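Q: Please take a close look at a single part of this structure and describe it for someone new to it.

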Amino acid sequence: MTGLAALFGEASSLRRRLIVNILLAVGFCFALASVILSYEFYEHLAENRNEALAREATEIAGQISPAAPELGLDAGALRFQGDGGLYRYTVFDEAMRPVIGGEAAEGLADRVSDAAMGEPRFLKLGDTRTGAALIVEREGRRFVVLASTAAGHSEESDLAELMHEVSEEVHWLAIGIAAILFSAILATRRSLAPLRRVSGEAGAIGPGTTDRRLSTAHLPAEIVPLVTAVNEAFDRLDRGYRAQRDFSSNVAHEVRTPLAILRSAIDRMDDGPFKHDLRNDVHRLEQMFEQLVNLARAEALGVTAFEEVDLHEVALRVAQEMGVAAMRDGKRLAVTGAESAKIHGHAGLLAIALGNLLRNAINYTDGTGEIEIEISDTPAGWHVLDRGPGIPDAQKAQLFQRFTRGETGGRDGTGIGLAIVKSVAEAHGATVSVADRPGGGSVFSFLFPSRSAPPIRGCL
């Protein structure tokens, strides 16, 4: 799992969806807040500008002295002659003729004619400029003072001022985003913690722990019905599993008894071809029955029954058990390869699987010959090598299916042995395959995943 996936979850995980949805919601709120703040900024910017213009006009009006030269003002100052400052000023007489300053906006007289004495009138001067006109009376004379923004002022300057304000707070914005992201991840992990706990509980349920159920404590109310339904499904599966187990036990008892009676009756018969054929038929029935029982055990295998197993020790034990039968048929068994290959699995069923591979190799090896069990440690597993007729390519894909047999050439077989091998392999997350052996024969491989990887399936 990559660092991104460990932090935010897999692409299709609920954790990533929750985090993304939280961030989208926060992003939408942030965008909406930005629009509102920008609107408020421009609105307050206009209010603040009007207040500043009114203060400037009031200050100039307070300096007017009608009896003094140039009304007591410095007519040559920059603020009356150009746009070098933030504001420019113009003083008009009663006829709206400029006395000091040079503002010449059209329609000023009409726009301030009805203004109240001492109350500023705010005006638009062109596309980008604004002004505040103030009517005052000094020593019986009426004057109009106009304070206006400089010609260099524009909407771009307003935007620059906004960006300047934002840039001063950008580090707080970054801290806020990081805090929101951290809070989203933490909230998501805390919200999903009960699901991780329930998932662990579900993984611990197997054939040996069928009485366990998922706990609904501390689960979100929306998840409780799902977990309750799963527990009810477990109850039904448990009843079915117990019924099947009881049925298998009863069948095993009912079948073994008549087979034993039949074998005893056959043994009391006089020797002859008929007795020999009946004994072989009973042997085949017993073999098929035992393999069906083994297949059912393999398919019910769960990881709760696993323990550390040394494949070399299993191979030695199986080879010793089957060595006498192999020698009776003129074959030899050899165990080669790694002296130790440890895996996590079920020793009993692994021995059954290897025994079926060996039995298959013994049956299909013509005449005398050596059958080899090669132990592999990278990856861990077995290779069973025989000198039989080999398996045609067209049959290799179906060879491990139930009741499928190769061209036996008259050899006895139930068609279940290799299906058992496949079931045991799948229960351990292993793979089983067959390939041609150089010089004739076949190589059956039973290989496990790497030791760092868990079994692919916990229960068949």
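How many residues lie between β11 and β12 in the hairpin they form, and which residue in the turn has a positive phi?

A: The hairpin of β11 and β12 has five residues between its strands, and G439 in the turn has a positive phi of about 90 degrees. This is a predicted model, in which local features need pLDDT of at least 70 and side-chain atom pairs count only at pLDDT 80 or more, while totals for chains, interfaces and linings use all residues. Residues are numbered from 1 along each chain as its sequence is written, and side-chain values use heavy atoms, with hydrogens and water left out.

Helices (H or I, at least four residues) and strands (E, at least two) are DSSP runs, numbered from the N terminus. Two strands pair if DSSP finds at least two bridges between them. Strand β11 covers residues 431–436 and pairs with β12 in the antiparallel sense over six bridges. One pair across the hairpin is V432 with its bridge partner F446 in β12. On strand β12 (residues 442–447), five of six residues are buried, where buried means under 20% relative accessible area, exposed over 50% and partly exposed in between (1.4 Å probe, protein chains only).

Strand β12 also has a partner in β10, to which five antiparallel bridges join it. There L385 stands opposite V443 in β12. The hairpin is thus part of an open sheet of five strands with mixed pairing, in the order β7-β9-β10-β12-β11. Strands β7 and β11 are at the edges with a single partner strand each, so one side of each has no neighbour in the sheet. On average, neighbouring strands of this sheet are turned by 15 degrees against each other, direction ignored. Axes are lines fitted to C-alpha atoms, for helices over the stretch in contact, and angles run from 0 to 180 degrees between N-to-C directions.

At the other edge, β7 and β9 run parallel and are joined by seven bridges. V335 has I373 in β9 as its bridge partner. Helix α10 packs on the sheet and touches β7, β9, β10 and β12, its direction making about 20 degrees with that of β10. Helix α9 lies across β7, β9 and β10, and runs at about 170 degrees to β7. A contact means heavy atoms within 4.5 Å.

The buried residues of α9 include L311, V314, V318 and M322. They pack against β6, β7 (331–337), β8 (342–345), α10 (347–364), β9 (369–377) and β10 (380–385). Helix α9 bends by about 45 degrees at M322, the bend being the angle between axes fitted to the seven residues ending there and the seven starting there.

Before α9, F306 lies in the loop between α8 (273–299) and β6 (307–310). F306 is buried, with a relative accessible area of 9%. F306 and H346 are 40 residues apart in sequence, yet their C-alpha atoms are 5.0 Å apart in space.

As for the whole chain, it has twelve helices and twelve strands, and buried residues make up 36% of its 460 residues. Its mean pLDDT is 78, and 78% of its residues reach 70 or more; pLDDT is the predictor's confidence in each residue, from 0 to 100. Over residues 452–460, pLDDT stays under 50. Where pLDDT is low, the predicted coordinates should not be read in detail.
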